[in-house]
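Q: Could we go through this structure together, one feature at a time?

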Amino acid sequence: MIENIITLTKAFADGNRMRILMALQHAGELCPCQITELLEVSGATISRHLGVLQRSAIVESRNVGKWAYFRLKEDQEHQTMITWLSSQLESTEQIQRDREALTAILALDPEDICRKQRGTECCPVPSEEGKEDK
């Protein structure tokens with residue numbers, strides 16, 4: 001029991017992880033490229049943060065083809081903490097800026113975001129004939 005609480009408090013002990021949690025609460029579900037775009041950090045950094053949040057059982061993921069999507073885990077224990085955290089952070093300038101940025105990010109195709117971050121080897125651009133450009 002104490003180990004679970006330590007793991008959970010470590011998950012909350014980082015500003016970027018709090019921003020991720022607030023973004024997930026606002027958007028419902030995000031892929032790592034969208035989170036990378038929001039936080040403006042490397043994909044490896046986002047991967048580490050998402051790993052911490054998954055190990056603490058605050059977030060869960062699902063795979064759809066080559067895409068992974070992350071969302072808050074729906075359980076009463078964590079939901080109470082997320083609700084409290086949101087009440088403390090929702091009016092901060094950073095979270096307000098994140099919500100505005102997230103609106104713009106969600107309007108973009110995730111493949112376009114991925115290409116911007118990783119190049120066309122990640123998400124090739126289909127040619128006019130329906131074949132992928134190399």
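The exchange below goes through the chain, its helix packing, its enclosed spaces and a few single residues.

Q: Before we start, what kind of model is this, and how are residues numbered?
A: This is a predicted model, in which local features need pLDDT of at least 70, side-chain atom pairs count only at pLDDT 80 or more, and totals for chains, interfaces and linings use all residues. Residues are numbered from 1 along each chain as its sequence is written, and side-chain values use heavy atoms, with hydrogens and water left out.

Q: How many helices and strands does the chain have?
A: The chain has seven helices and two strands. These elements are DSSP runs numbered from the N terminus, with helices (H or I) of at least four residues and strands (E) of at least two. From the N terminus on, their order is α-α-α-α-β-β-α-α-α.

Q: And what percentage of the chain is buried?
A: Buried residues account for 36% of the 134 residues in the chain. Buried means under 20% relative accessible area, exposed means over 50%, and partly exposed lies in between, using a 1.4 Å probe and protein chains only.

Q: What about contacts between residues far apart in sequence?
A: Of the contacts in the chain between residues at least 6 apart in sequence, 60% join residues at least 24 apart. Contact here means heavy atoms within 4.5 Å.

Q: Moving to packing: at what angle do H2 and H4 pack?
A: Helix H2 (residues 15-27) and helix H4 (residues 43-55) pack at about 75°, and their axes are 10 Å apart. The axes are lines fitted to C-alpha atoms, for helices over the stretch in contact, and angles run from 0 to 180 degrees between N-to-C directions. H2 and H4 are therefore roughly perpendicular to each other. Under that scheme, angles under 35 degrees count as roughly parallel, over 145 as roughly antiparallel, 65 to 115 as roughly perpendicular and the rest as oblique.

Q: Which residues meet there?
A: From H2, Asn16, Arg17, Ile20 and Leu21 meet Ile46, His49, Leu50, Val52 and Leu53 of H4. The residues of this contact divide into six nonpolar, two polar and one charged. Ala, Val, Leu, Ile, Met, Phe, Trp, Tyr, Cys and Pro count as nonpolar, Asp, Glu, Lys and Arg as charged, and the others, Gly among them, as polar.

Q: Now the empty space. How is a cavity told from a pocket?
A: On a 1 Å grid over the protein atoms alone, a cavity is a set of points where a 1.4 Å probe fits but cannot get out, whereas a pocket is an open set with protein on both sides within 12 Å along at least five of seven lines; lining residues have an atom within 4 Å of a point. Grid points are joined across faces, edges and corners, and a volume is the space filled by probe spheres set on the points.

Q: How many cavities of 30 Å³ or more are there?
A: The count comes to one cavity of 30 Å³ or more. The largest cavity has a volume of about 50 Å³. Its lining consists of Arg19, Met22, Ala23, His26, Leu38, Ile95, Asp98, Arg99 and Leu102. H2 and helix H6 (93-106) are the elements that give two or more residues to this lining. By class, the lining of the largest cavity has five nonpolar, one polar and three charged residues.

Q: What lines the second largest pocket?
A: The second largest pocket holds about 170 Å³ of space, and its lining includes Met1, Asn4, Arg55, Ala57 and His78. H1 gives the largest share of that lining, four residues.

Q: Ala57 has come up. Where is it, and what is its phi?
A: Ala57 is in the loop between H4 and strand E1 (59-64). Its phi is near 65°, a positive value in a residue other than glycine. Ala57 counts as partly exposed, at 22% relative accessibility.

Q: Where is Glu40, and is it buried or exposed?
A: Glu40 is found in the loop between helix H3 (32-39) and H4, and is exposed, with a relative accessible area of 72%. Phi of Glu40 is near 55°, also a positive value in a residue other than glycine.

Q: Last one: what does Thr36 touch?
A: Leaving aside neighbours within four places in sequence, Thr36 is in contact with Val41, Ser42, Gly43, Ile46 and Gln117. Thr36 is in helix H3 and counts as buried, at 9% relative accessibility.
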